[in-house]
Amino acid sequence: MSTMHNTLAHTEKRGLASPHHWTRRIPLYVLVILFCIVTAFPLYWMLVSVVQPISMSLQYPPPLFPQAFTLQPFVEIFTGQDTAQRIDVWILNSAVLASITTLICLFLSVLGAFALSGRRWRGQAGFGFILLMTQMLPEALIVIPLYATIDRLHMKDSLLTLALVDTAFVLPICIWILKNVFDTIPNEIRDAALVDGCTRMRMLWRIMLPIAAPGLVAVGVVAFFHAWNEYIFAASLITDRKLYTASVGLGSMISMIDTPIDKLMAGGLLFSIFPIIFYLLVQRYIVAGLSAGAVKG
Amino acid sequence: MSKSTKSSKNQKGGMSRRDFLKLGATGAAAAVAPRIDFPAFIRQSPMDLNLLTWFWTEPGRGDAWRAMIAKFHEEQSDIRINEAGYGENDYFQQILIQARSGRIDGDLFTETPDGFLRLAAAGHTASVEDVIERAGVTPVPAQDMLRIDGDLHGLDIVTVRFGLVYNSALFDTAGVSEPTDLDNWVEIATTLTERPNQFGIYSPHLASEPFTVWFILQQWAVLYDGIWAEGQNPLLNSEPVINGLKLFKTMYDNAMPQGTDVGTANQLFASSKIAQNMVVSAAVNQWKTNTEDPELYNNLRSAAPFWPGNKGITRIHPICVNANTEPEKQEAAKEFLSWLYKLENYQELLERCLDVIPAIEGGIRPEYRETLTWADGYDATEAITVPEVLGDFVLFNDELGQVVTPYFEEILAGASTVEDAMERAQVDAVALAERVFSA
Amino acid sequence: MAVQATVSASNAVVNHKRRDYLPYMLVLPIIVYEAIFILIPILQQVVSSFTSDVIGIGTVRWVGLDNYNRLFADRNFWNSLRVTLAFMGGTVILSVGIGLLAALLLNQNFRGRSVARGIMTMPWAIPDLPAIMVFFWILNPNFGVINLFVRWILPIDQTPRWLLDINLALPLVIAIAAWKAFPFYGLVTLSVLQSIPHDLYEAAKVDGATPLQSFRYVTLPELIPTLMLMGILACIFAFRQFALIFLSTGGGPARTTETLVISVYKAAFNSFDFSYGATIGVAGFVVVFAITVLFAYLQRRQEAVASS
């Protein structure tokens with residue numbers, strides 16, 4: 001905790017200590033604004049393409065600002081006759097899936113990170129290596145045997161199963177992030193708690209987790225995005241159309257000859273907006289969390 | 001959580017299933033008899049059947065099927081059909097993953113002609129020969145391709161044919177009429193093109209849509225009365241194939257919105273920015289309800305065949321009964337199909353789907369056919385089936401497509417000539433043939 | 001300090017007395033978990049690469065090294081390997097590089113910094129499918145807005161065909177992948193930058209260092225361990241990148257963006273040749289594995305240099 005405060009204090013002080021004249025900062029502002037425009041342009045373009053009638057986007061030169069306004073595609077994706085083909089159902093499924101994934105992932109990554117961060121033990125490097133290895137084979141390859149296993153266990157068509165699978169893929173990176181955060185907690189604090197008679201699990205729960213809270217948020221966001229975005233497993237493990245996640249639902253709108261591109265765009269925008277809002281809400285914790293991880297204890 | 005509901009459903013099904021099996025044992029009589037007195041508890045717990053198809057997500061067709069199934073549920077309460085499946089873009093892969101794991105996870109499923117042959121060969125389809133008898137209809141001869149050892153293993157549920165759909169309003173504005181031959185066609189397409197906002201024709205060509213590209217590209221060789229393979233011999237460097245690709249390249253350079261995906265191109269077509277589309281009859285459905293231009297649908301026509309041979313690839317998509325489920329489920333699935341294939345139900349389905357090529361004798365009502373102003377060209381085109389176009393490669397359609405499409409992209413990018421690229425493609429295809437046919 | 005030493009010593013004594021089982025109990029569920037969902041499937045695929053397992057061709061049977069012989073003779077495999085290395089190299093350098101640049105900018109003190117941070121890191125939050133859909137339209141050769149921008153800047157009338165261009169497809173896909181990936185690396189870098197003690201910069205300033213020099217001698221040494229680690233991760237993520245490439249170019253045109261992962265997918269799901277897909281996958285695994293070991297070696301050497 002104190003380390004983090006120091007970091008923040010440094011940043012504040014730096015600002016006050018170096019009062020540059022504003023004209024000298026023009027290049028910086030230009031650079032920042034350019035950077036922001038290039039980064040955000042695709043998102044802006046998505047918005048423009050969705051709010052105006054689609055044929056206006058499909059002409060040259062394309063208007064840089066919306067020339068008309070329509071909500072027709074949005075109305076259609078919310079009020080389809082086909083109840084399974086509704087974006088609100090998909091988004092809800094995605095939210096449930098991403099939340100379950102986040103919870104399982106948080107729990108397991110705390111265990112893994114605690115094991116990796118404490119005193120050295122035989123096999124620690126091996127464990128880290130196994131985690132890294134799980135990331136080295138493409139999902140497309142694992143889906144085949146995994147589908148067979150899950151089908152045999154009759155675990156298909158369940159968001160819980162999907163959350164378990166998604167967790168398996170994102171867990172190693174979460175453990176890595178959280179381990180770095182745990183590493184920053186000074187040994188004095190841990191040892192003091194142990195001397196006071198805490199068990200190690202109690203020390204983890206009472207002392208370390210509160211300190212590592214921003215790191216937990218960062219891990220949560222990584223897990224949430226992964227599950228929200230995941231397509232390959234969701235597509236093969238979910239056949240029940242009522243359980244489609246947003247990625248699979250949108251994917252299912254793509255067909256060989258009659259993809260409704262306007263609805264797909266509108267759905268794509270909604271699909272993007274939720275993680276963006278979620279991200280903006282928690283982003284200050286993310287930097288703090290990663291920052292805590294970067295400070296050497 | 002969904003798991004628990006699923007397992008409780010299974011238990012309920014377990015009770016009725018045994019009794020249903022007994023009924024099934026009394027033979028087809030059970031199915032033919034108009035009224036069967038089921039015990040009360042069976043009526044309360046109908047047999048659930050999962051119907052795997054990509055239709056559910058197709059705009060017009062999905063609603064048509066939902067309406068038919070609602071009707072089926074109204075007329076009887078012993079069998080319930082549930083929607084299952086995937087979007088068309090990965091339906092076929094997913095079904096194969098399922099097949100790979102032992103069995104397909106559905107009681108009924110639909111397939112493409114080539115996908116069907118592959119799954120039928122692997123024993124996933126049950127014979128549906130008796131369904132025809134129960135429904136009392138006669139399948140058209142094209143359905144013979146669905147016969148395994150003489151028995152039908154699937155029932156054609158939508159036939160599509162390739163043809164040239166065009167927007168007659170744009171033709172009128174440009175002062176052109178239907179093409180008379182291929183050279184004339186190139187001229188017309190070029191006349192209709194006013195870059196950057198109007199294009200003479202569209203045909204898929206993106207590497208990100210390889211299946212669609214290959215599926216439609218096949219027709220371009222048929223325009224020169226060619227085929228892509230004969231038996232086990234690929235014909236990729238044969239004259240008709242080379243001419244077809246050259247024609248494509250000419251059209252691509254002169255008249256196509258290059259780099260446009262199929263979904264976007266359909267939107268352009270709907271906004272009258274593309275004049276012609278080389279496409280299957282089933283695609284017309286999507287332009288029926290066009291909010292931007294209500295006149296568009298009425299302006300659609302299909303060109304009478306103007307190419308050598310007058311042939312259009314005709315693809316029949318069967319619905320199949322899964323051979324690897326419990327016998328009573330198969331029995332119930334056939335029961336549903338017999339209902340669906342009854343003449344009046346079939347006609348209704350065909351009309352709701354806006355289809356034009358019937359799979360059974362008398363499957364299309366003349367009154368309905370007259371309302372389809374865009375269908376004459378499709379009707380005048382002679383059918384050529386997928387096995388005729390691809391030879392034995394019909395079992396390895398996607399593999400052959402994967403050999404062809406990268407070379408096709410090379411041609412479009414101008415990186416090599418058609419002759420040179422197809423010469424190399426032929427070598428690859430021969431290697432493919434050695435691998436797949438020697439086993 | 002003295003207290004700490006004592007405590008550590010007492011812990012050490014405890015350790016000598018009985019083995020500490022806690023870490024094993026902590027990692028056991030994770031190992032079991034990863035084994036079920038990933039490690040065993042990986043093993044199954046390794047086994048599968050020694051069989052012939054094609055839907056529609058016979059039954060599954062043992063074929064020894066046949067698949068590997070086919071692999072080494074397969075032109076397309078070598079092409080995929082080249083494309084993979086180019087894609088990995090390009091994406092890693094670009095995404096980590098831009099991430100570093102973004103972090104340096106965001107580490108400056110200026111008005112609206114938190115807004116800029118929100119905007120610059122947003123691509124991370126956008127799912128692949130919508131991102132590709134919009135890039136597809138931006139890059140459309142006919143009505144894509146990029147044509148408009150290019151004609152503003154360059155005096156040309158004929159713009160390239162972007163993703164259809166054999167020479168441009170791979171660089172464009174790399175750029176899209178980097179756009180999507182740089183925010184994560186930027187955030188990690190930013191967090192390191194913010195943890196560098198300010199006194200170091202002050203001292204450098206007193207010594208008369210230019211901003212560039214203080215970056216070279218103060219910032220960079222602090223960053224290198226993190227950059228190394230991010231390099232490993234970025235390599236692995238780039239290797240596994242599937243959705244972006246698959247949706248934007250599908251590996252084309254003419255296989256110019258067909259990475260190993262795309263080849264795996266095509267072999268397994270388009271040719272239904274699961275065993276050959278597995279073979280390509282195993283080959284890819286070996287490649288990433290080698291790169292990871294190389295990075296780990298470099299990192300260790302770098303640490304050794306730093307500590308000496």
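Let's walk through this predicted model, from the domains of chain A to its contacts with other chains, then a nonpolar core and one helix of chain B.

Chain A is a good place to start. The domain assignment splits it into domain 1, covering 16-70, and domain 2, covering 77-294. The C-alpha centres of these two domains of chain A are 31 Å apart. Where they touch, domain 1 of chain A contributes five residues and domain 2 of chain A contributes six. On the domain 1 side, helix α2 (residues 26-51) of chain A supplies the largest share, with four residues. That side of domain 1 is made up of four nonpolar residues, one polar residue and no charged ones.

Now look outward from chain A, beginning with chain B. Here 37 residues of chain A are in contact with 43 residues of chain B. On the chain A side, the elements that give two or more residues are α3 (54-57), α7 (139-152), α12 (232-237), α13 (246-253) and α14 (261-294). Of these, α7(A) gives the most, with four residues. Sorted by class, the side of chain A that touches chain B holds 18 nonpolar, 12 polar and seven charged residues.

Turn next to chain C. This contact involves 81 residues from chain A and 74 residues from chain C. Helix α14(A) provides the largest share of the chain A side, 17 residues. By class, the side of chain A that touches chain C has 53 nonpolar, 21 polar and seven charged residues.

What about the interior? The largest nonpolar core has 316 residues, and A:Cys174, A:Leu178 and A:Val222 are the ones that touch the most other members. The largest share of this core, 17 residues, is given by helix α8 (residues 169-193) of chain C. To get a feel for the surroundings of one core residue, select A:Leu178: leaving aside its neighbours within four places in sequence, A:Leu178 is in contact with A:Ser109, A:Val110, A:Ala113, A:Ala212, A:Gly215 and A:Val219.

Finally, move to chain B and find helix α9, residues 182-191. Its buried residues are B:Trp185, B:Ile188 and B:Ala189. Viewed down the axis of α9(B), these buried residues fall within an arc of 100 degrees, so they line one face of the helix. The spacing along a helix helps here: an α-helix has 3.6 residues a turn, so residues three or four places apart point the same way. As for what this face meets, the buried residues of α9(B) pack against β7 (199-202), α11 (239-255) and β10 (274-280) of chain B.

Conventions:
Residues numbered from 1 in each chain as written. Chains lettered and ligands numbered in written order. Predicted model: local features only at pLDDT ≥ 70, side-chain atom pairs only at ≥ 80, totals over all residues. Buried ≥ 20, exposed ≤ 12 C-beta atoms within 10 Å, placed from the backbone. Arc of directions from axis to C-beta. Contact = placed C-beta atoms within 7 Å. Nonpolar A, V, L, I, M, F, W, Y, C, P; charged D, E, K, R; others polar. Core = buried A, V, L, I, M, F, W, Y, C linked by C-beta atoms within 7 Å. Domains from an automatic or database assignment.
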